[in-house]
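Colleague: Before we talk about particular places in this protein, could you show me the model and then explain how each description of it is reached?

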Amino acid sequence: MEILAYFKSISQAMLQMFLLGLVGFFLIRRKVLSSEGLNGLTNLLVEVTFPALIFWQVITKFSFDLYRNWFAYAFLSIIITVLGLVVGYIFSFSAKDERIKREFVSLVGFQNSGYLPLVLLGWLVPKEQLSNVLIYLFLFLLGFNLVFWSWGVHFLSGNKLKNFSLPSLFSPPVVATFLGFIFVALRINTSLPQFVLSPLEMLGNCSFPLAIVVVGGALGELPILGELPIYRVSDKPLVAKMLLAKLVVLPLLGLIFLKYVAVPYFLGLLIILELAMPSATSLSVIVRRYGREDKLISQGIFYSHIVSLLTLPLFLALFNWVVRAQ
């Protein structure tokens, strides 16, 4: 009964996220919000509110004494990404087209690692412990962004890497994290007045609902719902295998690991959460930016987000049951 109760509570949180996502989805589909407007909201999230949240959390909650192994979280994200890529490669053996195989592996290996976990953790973690867990998430994203915006771009874009620029590794969230580290190391954070910290906190808190609205809008823009048919017969088996690898095999491997390796509860929660996340919406950005044909990316992103409404609360409930049983 405990696992069912936990599943119900997570499902309610997922339903709230789904409803917020529908706002962005229908704003785009009904053309109330243009593509340029969505880009503006995305820029607001990526360049203003999310960095503000990270910077505020780091300078007010982070300490090198409390987080002595802070670099280990970035390393953990690289391990999880490599695991996803390996599983994706194993499941992609039946794909004959090299382009489709690259998209398949990318869909399995790269998850929606930032915005969805950010909001879901905000609902699942008690308020008094949320700051610590968000620090874990921000440190985790350092490793993920390093792999995604370097090797990930090279792998998915193929021979178009010549357009890749090194500054893309230093996204505003990454810069905000390192800037926060500098403020803490030099103890500048201790001298910042409250009239500076409070607006930062309020601005950062806008990230929680805005992130889901942006994700919903991004799904509404996918060509799978526009110019392309919602199903391509030749892609059905591949999409099904991708969903199996991404949303079932990866979190299942995480559960097996956490059953036999004792880790702190909230670290385990972050691990299983990242392994159970749907595919990264940024993959479609890379495909569009480098002018490659979208053969599988849009379908994979769309259906992984839909199916995760069921699989994500299921594996989080199973995680809670496994940990409590230890």
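**Reading the model**

Modeller: Helix 2 bends by about 40° at Leu 45, the bend being the angle between axes fitted to the seven residues ending there and the seven starting there. This is a predicted model, in which local features need pLDDT of at least 70 and side-chain atom pairs count only at pLDDT 80 or more, while totals for chains, interfaces and linings use all residues. Residues are numbered from 1 along each chain as its sequence is written, and side-chain values use heavy atoms, with hydrogens and water left out.

Colleague: How do you know what span is expected of helix 2 (residues 35-61)?

Modeller: The expected span is 1.5 Å times one less than the number of residues; for helix 2, with 27 residues, that is 39 Å, and the 37 Å from its first C-alpha to its last is close to it.

Colleague: What makes up the pattern of the chain, read along the sequence?

Modeller: The chain has 13 helices and zero strands, where helices (H or I, at least four residues) and strands (E, at least two) are DSSP runs, numbered from the N terminus.

Colleague: Why is Gln 111 called buried?

Modeller: Buried means under 20% relative accessible area, exposed over 50% and partly exposed in between (1.4 Å probe, protein chains only). Gln 111 has 2% relative accessibility, and therefore counts as buried; its place is the loop between helix 4 (98-109) and helix 5 (115-124).

Colleague: And why is Gly 114 also given a burial class, and which one?

Modeller: Gly 114, in the loop between helix 4 and helix 5, has a relative accessible area of 11%, so Gly 114 is buried.

Colleague: What makes the pairing of Gln 111 and Glu 274 a polar contact?

Modeller: A polar contact is a pair of N or O atoms within 3.5 Å; within protein, one must be able to donate a hydrogen and the other to accept it, and residues adjacent in sequence count only if both atoms are side-chain atoms. The side chains of Gln 111 and Glu 274 are joined by such a contact at 2.9 Å.

Colleague: Which residues does Gly 114 touch, not counting those up to four places away in sequence?

Modeller: With contact meaning heavy atoms within 4.5 Å, Gly 114 touches Leu 137 and Leu 141. Under that same reading, the partners of Gln 111 beyond four places in sequence include Phe 140, Phe 144 and Met 277.
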